[in-house]
Amino acid sequence: MGILKDCIKNKEIKGTPIWFMRQAGRYLPEFRKIRSNNSNFINLCLNPDLSKEITIQPLKRFNLDAAIVFSDILFIPYGLGQNVEFEKNFGPRLGELDIKSILEITEKDILNKLNPIYKLISMTSKEKILKDKDLIGFVGATWTIFLYMFNKKSPRKTLNEDIYNYPNTDELINKIIDVQKLHIKKQVESGATIIQIFDSWAGLLDEKKKDKYIYEPTKKIVEFTRKLGAEVICFPRCIKYYKEYCDIVGPSAINIDYEVDPIKIAENINIPIQGGMNPNCLLLEKNDMLKNAKKYLTIFKNRKYIFNLGHGVMPETNPENVKILVDFVKDF
Ligand code: 1CP
């Protein structure tokens, strides 16, 4: 456990904790090397030796305060028996949504599929490089998982509204919640100290439906996780109701996207804040990048703030810029 968890728990800490979403991945040549020899992304994630190595790669280069488990939110549909593949230049492609077999699948079957992830977490948590640092486990939020399972591919910018008429919505949502809880419990037992909940497509939901699809399920997951003794960071991306979300869902910390005004967030939300800066800033010339970082650090200087981005690191990012940014935040 490290300063990230201390910051979330409102303890006195020195400096600003920092980590990045997608800190492991295609912008790192050492990742591309492993990836080029492992064309099947699912199998790569389910290989604990390789996924452990990828998880700690960014910590070998940069002075980060946490590692995030190298895995994917789509392991929940995968665990439920829906086929999941990642296609080059297309993204995820999911198979038929066979509701009958999904509702019948047992915990034992699910764990048989997901056990390599817990082995990866357990192995990674024992690495020396993580001493006094946090290991972040994660799940996709119920709405985002339901959306991928229904849509069978990335929705990109538009929602297929037929999702609201899916006949087995309640049963499927309850089943997803069961697997989310199981997956979180196993991650925490294996050594994850913090859980992040990614609701990447929260912004696509018709706001009038947020109680059913976002608040009710996410509140359950957050309460469950906090009872396990882990802290929960929620990232409901591109919503316009962050304050109400925090009040109702009750996460330990909230990650903000880059569309929302950080000044308003600082004024209205009292829990620790994470992220915000546009990942494109890492593609700018050094001084412009740091000017943007300074803006976030200044706005949140009297608050518990975890430096991160408003979405994941872009594949085009120069690792040298990441290093400059991390050192700048650490010296600020
Ligand atoms: O090499 C490749 O082609 C695979 C690219 C890749 C990677 C590196 C995918 C495919 N997933 C991941 C890892 C991943 N995914 C992590 C690892 C840890 C880290 O952050 O370093 C995490 C936390 C995720 C979470 C994830 N997967 C999210 C939530 C965060 C977000 O980006 O909004 C989502 C939506 C996914 C689905 C997914 N996985 C991969 C792709 C291409 C997508 C689709 C994104 C989309 O629909 O646009």
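**Salt bridges in and out of helices**

Glutamate 189 and lysine 185 both sit in helix H9, which runs over residues 169-190, and since they are four residues apart there, about one helical turn separates them. Keep in mind as you look that this is a predicted model. The two side chains pair up as a salt bridge, with 3.5 Å between the closest N and O atoms. How open to the outside is each partner? Glutamate 189 counts as exposed, at 54% relative accessibility, while lysine 185 is partly exposed, with a relative accessible area of 36%.

Now move along to helix H10, residues 210-227, where glutamate 223 and lysine 219 are also four residues apart, so about one helical turn lies between them. Here too you'll find a salt bridge, and its closest N and O atoms are 3.2 Å apart. Glutamate 223 is partly exposed, its relative accessible area being 40%. Lysine 219 counts as partly exposed as well, at 33% relative accessibility.

For another pair, go back to aspartate 6, which forms a salt bridge with lysine 11. The closest N and O atoms of this pair are 3.7 Å apart, which fits because the cut-off for a salt bridge is 4 Å. Is aspartate 6 buried or exposed? Aspartate 6 is buried, with a relative accessible area of 18%, and that label applies because buried means under 20%. Its partner, lysine 11, counts as partly exposed at 38% relative accessibility.

And how many salt bridges turn up when the whole structure is searched? The search finds 16, among them the one between aspartate 6 and lysine 11.

Key: Residues are numbered from 1 along each chain as its sequence is written. This is a predicted model: local features need pLDDT of at least 70, side-chain atom pairs count only at pLDDT 80 or more; totals for chains, interfaces and linings use all residues. Side-chain values use heavy atoms; hydrogens and water are left out. Buried means under 20% relative accessible area, exposed over 50%, partly exposed in between (1.4 Å probe, protein chains only). Helices (H or I, at least four residues) and strands (E, at least two) are DSSP runs, numbered from the N terminus.
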